[in-house]
Amino acid sequence: MLVDKDRVKSGKFAIDKWKADTILLDDGLQYLHLKHRLDIVLIDRQAPFGNEFLLPRGTLREPPRNLRRASYIFITKSTGESNDALVERIRRYNRTAEIIECAHKPLYLQDIFAGEQLPLVRLRDTYIGSMCGIAAPDSFEDGLRNWAPRRAG
């Protein structure tokens, strides 16, 4: 993982130092001076276009019209309910990108010390606390509540 305001410089460093053949950028769509082979955009189903304003007034880094550069668009936090209205809006900006609906679902617990994968049932009858350092903690916490194995009895 590299952190540098100059994405081109850090990308060249990764290629020269570690012979990287793939570079994955967070918020890379906005760096037009980089050669893009594949642009993947994630759109949060719960707040697809934030408050509709660009930073610093709003939460958007780019206007929605820039979705035209995306190769794939992932609608995150899908619930199984229809995303037709959101897909229709996305299609106004990009007619060709593949749109993929995603739902978050835990598969297992990871013991970070031993590297062992444990079944989720290990949480049954266990009191758990959580800490979250992401932008939308309610979504994370709701996911824990909805997916945690129910107490027996």
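Let's start with E52, which counts as partly exposed at 44% relative accessibility. That label fits because partly exposed covers the range between the buried cut-off of under 20% and the exposed cut-off of over 50%. You'll find E52 in the loop between β1 and β2. Keep in mind as you look around that this is a predicted model. The backbone at E52 has something for you to notice too: phi is near 75 degrees, a positive value in a residue other than glycine. Why point that out? Most residues other than glycine have a negative phi, and most peptide bonds are trans.

Stay in that loop for a moment, since P56 also sits between β1 and β2. The peptide bond leading from L55 to P56 is cis, with omega near 0 degrees.

Another positive phi turns up at K19, where the angle is near 55 degrees. K19 belongs to the loop between α1 and β1. Is K19 buried or exposed? With a relative accessible area of 65%, K19 is exposed, because the cut-off for that label is over 50%.

Now for the bigger picture. The protein has 3 helices and 5 strands, and if you read along the sequence they come in the pattern α-β-β-α-β-β-β-α. Measured out along the principal axes, the box filled by the C-alpha atoms is roughly 60 × 45 × 30 Å. The radius of gyration is 19 Å, whereas a compact globule of 153 residues would have one near 15 Å. As for burial, 24% of the 153 residues count as buried. Contacts tell you about the chain as well: among those between residues at least 6 apart in sequence, 59% join residues at least 24 apart.

Next, zoom in on helix α1, which covers residues 7–18 and includes R7. R7 is buried, because its relative accessible area of 19% falls under the 20% cut-off. Which residues does R7 touch, not counting those up to four places away in sequence? They are L25, D26, D27, G28, Y31 and L34.

Follow the chain onward to L38, in the loop between α1 and β1. L38 is partly exposed, with a relative accessible area of 49%. Leaving out residues up to four places away in sequence, L38 touches S71 and Y72. The C-alpha atoms of L38 and A70 are separated by 7.6 Å, although these residues are 32 apart along the chain.

That brings us to strand β1, made of residues 40–44. In a regular strand the side chains alternate between the two faces of the sheet. Here, V41 and I43 point to one face and are buried, while I40, L42 and D44 point to the other and are not. What does β1 pair with? Its partner is strand β2, residues 72–76, which runs parallel to it and is joined to it by 5 bridges. One of the residues you can trace across is D44, whose bridge partner in β2 is T76.

Finally, look for empty space. Rolling a probe the size of a water molecule over the atoms shows where empty space is left. The second largest pocket has a volume of about 400 Å³. Of the 15 residues that line this pocket, M1, L2, V3, L24 and L25 are the closest to its centre. The lining of the second largest pocket divides into 9 nonpolar, 3 polar and 3 charged residues. You have already met one of these names: L25 is also among the residues that R7 touches.

Definitions and conventions:
Residues numbered from 1 in each chain as written. Predicted model: local features only at pLDDT ≥ 70, side-chain atom pairs only at ≥ 80, totals over all residues. Heavy atoms only, no water. 1 Å grid on protein atoms, 1.4 Å probe; cavity = no way out; pocket = protein on both sides within 12 Å on 5 of 7 lines; lining within 4 Å. Points joined across faces, edges and corners; volume = space filled by probe spheres on them. Nonpolar A, V, L, I, M, F, W, Y, C, P; charged D, E, K, R; others polar. Helix = DSSP H or I, 4+ residues; strand = E, 2+ residues; numbered from the N terminus. Buried < 20%, exposed > 50% of the residue type's maximum accessible area, 1.4 Å probe, protein only. Contact = heavy atoms within 4.5 Å. Pairing = 2+ DSSP bridges. Rg over C-alpha atoms; globule rule 2.2 N^0.38 Å.
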